Amino acid sequence: MNSLFELSKEVQEAIDLKKPIVALESTLISHGLPYPENINVAKESIIAVQDSGSVAATIGIINGKVKIGLSKEDIKILAKDSNVQKVSNHNFSLSVYRKENAGTTVSSTIAVASKFNIKFFATGGIGGVHLNAKETYDVSSDLYSLSEHSNYVICSGAKSILDLDKTYQLLETLSITRIGFKTNYMPGFWYPETDNKVDNNFEEISAICSFLKIHENIKQNKSVLIFNKIPKDKALLKENVDNWIKASVKKASEYNISGKEITPFLINQVNKESNNLTLKANVSLIINNALLAGKLAKEYYSN
Ligand code: PSU
Ligand code: MN
């Protein structure tokens with residue numbers, strides 16, 4: 001296993017000294033955001049985690065090596081190279097075997113983080129049940145991975161391009177706890193709220209940490225989602241988002257896009273439809289989530 005995984009010096013030291021660590025994914029660098037916003041978000045997220053007193057560990061695959069703590073050069077490769085793969089758990093070991101460069105999704109990133117006992121993880125929005133799942137059965141492996149591991153995932157809900165109500169239900173079915181940080185409702189990613197109630201709203205970071213310790217001691221070995229709303233000044237109206245998504249879904253079916261290509265395609269297409277408004281929203285919520293994750297990890301390990 002050792003030669004297949006490589007921890008950066010900083011992450012290894014943080015593990016040895018039991019410092020708070022936040023894992024970050026890399027599919028949003030390789031497939032979620034365009035260049036150069038992807039590089040900037042990757043850097044800003046690391047800085048946000050550090051500013052809040054924790055160590056960031058961006059996870060990805062470089063030339064078949066699973067790296068925990070990507071360097072600036074690694075991030076550049078994932079952000080710019082044309083042949084970078086999108087890797088979830090079904091194609092993870094194959095990607096290592098083929099010596100690929102790959103961005104890891106939420107599902108594979110938390111699987112790797114778990115191996116090294118890194119509990120906190122931040123992203124923009126998790127994957128979930130797709131709008132046409134009734135016909136396609138397309139449900140993100142993120143949900144199953146959250147149910148197989150025990151991570152604390154800071155996110156703005158699931159991506160708006162999904163069926164958010166079905167995603168909310170399936171999270172419950174898979175025994176994933178859905179809590180809010182200063183919100184009574186699960187966020188809708190680019191917009192602040194859906195109609196789905198969180199299992200508990202917490203107003204304080206310290207209260208979330210107390211709860212997480214109880215959750216951990218009960219040993220259900222399931223993840224907890226910690227919902228953080230998009231910052232107010234970048235939040236979009238649900239009505240507008242829904243219209244852009246409708247147009248984008250139509251394009252996807254015209255081009256016959258499906259499988260693991262659908263999420264990157266829709267995010268990119270909605271961005272075009274919205275004149276870059278969703279990109280700006282995406283950037284701001286990802287960094288904001290990294291900041292909260294850093295604060296949570298710091299608090300969690302200081303008591
Ligand atoms: N959040 C974003 N953009 C993204 C993703 C999340 O703002 O591109 C990625 C995550 O890596 C997530 C993946 O795990 O999309 C889900 O893809 P799929 O629906 O194919 O499982
Ligand atoms: Mn899928």
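Let's go straight to glutamate 172, which forms a salt bridge with arginine 178, with the closest N and O atoms 2.9 Å apart. Keep in mind that this is a predicted model. The two partners sit in contrasting surroundings: glutamate 172 is partly exposed, at 44% relative accessibility, whereas arginine 178 has a relative accessible area of 3% and is buried. Why does arginine 178 count as buried? Because its relative accessible area is 3%, and the cut-off for buried is under 20%.

Arginine 178 has another partner too. Its side chain meets that of aspartate 199 in a salt bridge, again listed at 2.9 Å, N to O. This pair links distant parts of the chain, 21 residues apart: arginine 178 belongs to strand S9, residues 177-181, and aspartate 199 to the loop between S9 and strand S10, residues 200-202. Aspartate 199 is partly exposed, with a relative accessibility of 39%.

Now stay with that loop for a moment, please. Which residue does glutamate 193 meet in a salt bridge? The partner is lysine 229, and the N to O distance is 3.8 Å. Here too, distant parts of the chain are linked: glutamate 193 is in the loop between S9 and S10, lysine 229 is in the loop between S11 and helix H11, residues 238-254, and the two are 36 residues apart. Both ends are partly exposed, glutamate 193 at 39% and lysine 229 at 27%.

How many salt bridges are there by the rule used here? The count comes to 11. Some join up, and Glu6, Lys67 and Asp74 are linked in a network of salt bridges.

Next, some charges without a salt bridge. If you turn to the surface, you will find a patch of positive charge where Lys43, Lys72, Lys76 and Lys80 gather. Which element gives the largest share of the positive patch? That is helix H4, residues 72-80, with three residues. Lysine 76 lies in H4, and its relative accessible area of 47% makes it partly exposed. A residue needs over 30% relative accessible area to join a patch, so lysine 76, at 47%, clears that cut-off.

Let's move on to the strands, and to S8 in particular, residues 152-155. Are the residues of S8 buried or exposed? Tyr152, Val153, Ile154 and Cys155 are all buried, with Tyr152 and Ile154 pointing one way and Val153 and Cys155 the other.

S8 also has strand partners to show you. One is S7, residues 120-122, which pairs with S8 in the parallel sense over three bridges. In that pairing, phenylalanine 121 stands opposite valine 153. Another partner is S11, residues 224-227, and this pairing is parallel as well, over four bridges. There, tyrosine 152 of S8 stands opposite valine 224 of S11.

Last stop, leucine 285, which is found in helix H13, residues 277-302. Its relative accessibility is 0%, so leucine 285 counts as buried. How far is leucine 285 from histidine 215? In sequence they are 70 residues apart, and in space the C-alpha to C-alpha distance is 26 Å.

If you take one picture back to the bench, let it be arginine 178: a buried residue that forms salt bridges with glutamate 172 and aspartate 199, both of them partly exposed. Thanks, everyone!

Terms used. Residues are numbered from 1 along each chain as its sequence is written. Chains are lettered from A and ligands numbered from 1 in the order in which they are written. This is a predicted model: local features need pLDDT of at least 70, side-chain atom pairs count only at pLDDT 80 or more; totals for chains, interfaces and linings use all residues. Side-chain values use heavy atoms; hydrogens and water are left out. Patches are made of residues with over 30% relative accessible area and no salt bridge: like charges are joined within 9 Å, nonpolar side chains (Val, Leu, Ile, Met, Phe, Trp, Tyr) within 5 Å. Accessible areas come from the Shrake-Rupley method with a 1.4 Å probe; for residues, only the protein chains shown count as cover. A salt bridge is a side-chain nitrogen of Lys or Arg within 4 Å of a carboxyl oxygen of Asp or Glu. Lys and Arg count as positive and Asp and Glu as negative; His and the chain ends are not counted. The place of a charge is taken as NZ of Lys, CZ of Arg, CG of Asp or CD of Glu. Buried means under 20% relative accessible area, exposed over 50%, partly exposed in between (1.4 Å probe, protein chains only). Two strands pair if DSSP finds at least two bridges between them.
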